[in-house]
Amino acid sequence: MEQLESALERTNTMLQDLQDEFDEQLEASKVKELADFFAMLNSEKYGCILDELLVVRKGVDALRKSNYELPIEINGLLIMVKKLVQFVRDSHIEPMMKIDSIKEVSACDIEFCNYEGSPFDSDKTKKVRVISPGWVYKDKDLQISRPKVKEVKS
């Protein structure tokens, strides 16, 4: 009887270990699917939708600040953009940099960026403009897309 209880306990432990491993793999799979979805949204194939959401929102904010009266016909579109931005935020997807910002960078600083410009000299820095902010899934510290930066010629 004692041997049966011992075997049952070992079997239950093995089953729990298998369940835990399955749950971990399922969670990793969900994270990968989510990251792939947002990476595709920001791919060139689909027009870098995440980047464009930021550009549109920034443009609409600028128009509103200058008291420009937006046509009522596009209010639905603006609401949709606002809701999409909220969806991205609620999904914990965040830009890594600010579009159009100017940064002083070294070759090491842009190791995880797509860089357009002349080659770096060993210890020199260059001014770059952020073309695409790059996106990261904050909860899992997972990069979805690389920032794109372009050298600013003096």
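In the predicted model, strand β3 (residues 114-116) is paired with strand β7 in the parallel sense, over 3 bridges. Within this pairing, E116 has K150 of β7 as its bridge partner. Strand β7 is also joined to β4, here by 4 bridges and in the antiparallel sense. For V128, the bridge partner in β7 is E151.

The two faces of β7 (residues 148-151) differ in cover: V149 and E151 make up the covered face, while K148 and K150 make up the uncovered one. In a regular strand, side chains alternate between the two faces of the sheet. The bridge partner of E116, K150, thus belongs to the uncovered face of β7, and the bridge partner of V128, E151, to the covered face.

Strand β4 spans residues 126-132 and includes S132. The relative accessible area of S132 is 3%, and S132 is therefore classed as buried, the cut-off being under 20%. Leaving aside residues up to four places away in sequence, S132 is in contact with N42, D51, R146, P147 and K148. Among these contacts, K148 lies on the uncovered face of β7.

Aromatic pairs were searched for over the whole structure, and 3 were found. One of them joins F37 and F38 in an edge-to-face arrangement, with 5.1 Å centre to centre and 80° between the planes. F38 has a relative accessibility of 0% and is therefore buried, whereas F37, at 42%, is partly exposed. Y115 and F120 form a tilted pair, with a centre-to-centre distance of 5.2 Å and 50° between the planes. Y115 counts as partly exposed because its relative accessibility is 24%. Ring pairs also link F37, F38 and F87 into a cluster. F87 is located in helix α3, and its relative accessibility of 41% places F87 in the partly exposed class.

Two members of this cluster, F37 and F87, recur in a nonpolar surface patch of about 530 Å². The patch is made by F37, I74, L77, M80, L84 and F87. Helix α3 (residues 75-90) contributes 4 residues, the largest share of the patch. Residues enter such a patch only with over 30% relative accessible area. Both F37, at 42%, and F87, at 41%, are above this value. F38, at 0%, is a member of the ring cluster but is not listed among the patch residues.

Definitions and conventions:
Residues numbered from 1 in each chain as written. Predicted model: local features only at pLDDT ≥ 70, side-chain atom pairs only at ≥ 80, totals over all residues. Heavy atoms only, no water. Patch = residues over 30% accessible without salt bridge, like charges linked within 9 Å, V, L, I, M, F, W, Y side chains within 5 Å. Areas by Shrake-Rupley, 256 points an atom, 1.4 Å probe, with all protein chains shown as cover. Salt bridge = Lys/Arg side-chain N within 4 Å of Asp/Glu carboxyl O. Buried < 20%, exposed > 50% of the residue type's maximum accessible area, 1.4 Å probe, protein only. Contact = heavy atoms within 4.5 Å. Pairing = 2+ DSSP bridges. Phe/Tyr/Trp six-rings, centres within 6.5 Å; stacked < 30°, edge-to-face > 60°.
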